[in-house]
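Thank you for making time for this one. I would like to walk through a single structure with you, beginning with one helix and then moving outwards to the annotated positions and the rings.

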Amino acid sequence: MLDMNVKQRTIQSEISISGIGLHTGKAVNMTIKPAPEFHWYKFKRVDLDGGPVVAVDADNVSDTSRGTTISQNGASISTIEHLMAALVGLQIDNVLIEIDGPEVPILDGSSRIFVEKLVEAGFIDQEADRDYYEIQDNIVYVEKDRKVEIIAMPLDGYRLTCMIDFNSPVLGSQHASISNITEFKGEISSSRTFCFLHELESLVNHNLIKGGDLSNAIVIVDKEVSKEELDKLSGLFNKTVEVASEGILDNIQLRYQNEPARHKLLDMIGDLALVGRPLKGHIMAARPGHAANAAFAKKIKAQMKKDKNRKNLKVYDPNMTPVYDTVQIMKILPHRQPMLMVDKILELSETHVVGLKNVTMNEDIFMGHFPEAPVFPGVLQIEAMAQTGGILVLNTVPDPENWLTLFLKIENARFKNQVTPGDTIIFSCELLEPIRRGIARMKGVGMVGDKVVSEAELMAQIVKVKGN
């Protein structure tokens, strides 16, 4: 279980790590530095003019072909997942990573060395509480053609389960899981990356693996290998290699029988750092990969945005005592049935108004607007929103019955959910800027329960009724 009152933390002192990029073969130096609250993880390319910063964010993912690459401000960083997994696994919230090359060093192909260095640096608690994103409802990602499925479910903790199945007689189907992120250091962090022999040969032939020395990857032998092929591999990596009994090259010994599945779990933890916040939930994945992980992180991030917008919207009780009832509204607005679209005003101030519209089957509109499947038209939702906003604008003059509200512009209108008979729509309108020369700009939102059904930006002008 995660302590929801735990503080954010960063590292006590900066650390330096040097190594070779797996795909670029370039030597790279990194310095990981403490960072302030709500900073999350950011890279700074100190080898480029201006030191461009690249945030670890799902929106910045630019490539997932052989690892996870992020790009921003004209700079890119690739193979970030093992370092990200170490940071998440140690529950570090904020660091700045200065790097003088385009790729994070591969080191031993796992997160172990990153973890050891970060633990050596030590941690320091910060003032702000940890900014968890808690999964409220199931979030599902599916790729049917590749049989990939990832689901996030509500849980008071951070649990991950991973299954891999490459249809290989050597590797077979494997599972790995942790019941709490605190298990990462001991159970997952030392699991190394892996590839199949046919992939290794293809990568070498296409010059896509320049920093591998056969000590940082498990190579699964998925075909018959001749002595000539083994000799060629030995020459490429300056090391004599044979096929071990487990069906892997004997360049290294397995640390766990299910080390490939554990490494896929490691990758998943690292890639989900792209969400930008620590997570609370149970993540279950079948056949995940960098592309799927990044797409799933985007899906979680989109849900985070929806939840944030919902949190900022107040849910009103339609039975609360109104500021104005229907009779009082008719003393302010000139509208009458069937065009009076506001039944109550629930709140009213100098800058905002909240109104209510009861939608019933008795309304004339449903005689022609899909009587067999009645839906309250979006254009009438905007009309009701505008009338609610009219109450706000007319509240600024001493004799509202002598003024009219004329709408000049409607922008960014969106209809997000259907409204049907029996629904009660709560409209809230808030001024976007002070009213000047009788012209008001406001943002309107319509809600049924806790769901947004419509929203728009409105511009209106109040004018004196002729003869008054």
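Let me start in helix H1, where Glu-81, His-82, Leu-83, Met-84, Ala-85, Ala-86, Leu-87, Val-88 and Gly-89 are buried. Please keep in mind throughout that this is a predicted model. Nine of the nine residues of H1, which covers residues 81-89, fall under the 20% relative accessible area that counts as buried, so the helix is largely enclosed by the rest of the structure. Just after H1, Gln-91 takes a positive phi of about 55°.

One residue of that helix brings us to the annotation. Which residues does UniProt place in the feature "binding site"? The record, an unreviewed entry, names His-82, His-263 and Asp-267. These residues are spread over 186 residues of sequence, and yet they cluster in space, with a largest C-alpha distance of 9.4 Å.

Taking His-263 next, we find this residue in helix H6, residues 259-271, and its relative accessibility of 1% means that it counts as buried. Leaving aside residues up to four places away in sequence, His-263 touches His-82, Gly-109, Ser-191, Arg-192 and Thr-193. With Arg-192 there is also a polar feature to point out, since the side chain of His-263 reaches the backbone oxygen of Arg-192 at 3.4 Å.

Asp-267 is found in helix H6 as well, and with a relative accessible area of 5% this residue is buried. Its contacts, again not counting residues up to four places away in sequence, are Glu-81, His-82, His-290 and Asn-293. His-82 therefore appears in the contacts of His-263 and in those of Asp-267, which ties the annotated positions back to the helix we started from, where His-82 is buried.

Let me turn to the aromatic rings. The structure holds two aromatic pairs. In one of them, the rings of Trp-40 and Tyr-41 have their centres 4.0 Å apart and their planes at 20°, so this pair is stacked; both residues are buried. In the other, the ring centres of Phe-366 and Phe-376 lie 6.4 Å apart with the planes at 55°, so this pair is tilted. Both Phe-366 and Phe-376 are buried.

Finally, there are charges over rings to mention. Arg-9 lies over the face of Phe-123, at 4.2 Å from the ring centre, while Arg-262 lies over the face of Tyr-256, at 3.8 Å from the ring centre.

Terms used
Residues numbered from 1 in each chain as written. Predicted model: local features only at pLDDT ≥ 70, side-chain atom pairs only at ≥ 80, totals over all residues. Heavy atoms only, no water. UniProt positions renumbered as here; feature names shortened; annotations may be inferred. Helix = DSSP H or I, 4+ residues; strand = E, 2+ residues; numbered from the N terminus. Buried < 20%, exposed > 50% of the residue type's maximum accessible area, 1.4 Å probe, protein only. Contact = heavy atoms within 4.5 Å. Polar contact = N/O pair within 3.5 Å; in protein donor to acceptor, adjacent residues only side chain to side chain. Phe/Tyr/Trp six-rings, centres within 6.5 Å; stacked < 30°, edge-to-face > 60°. Lys NZ or Arg CZ within 6 Å of the ring centre and 35° of its normal.
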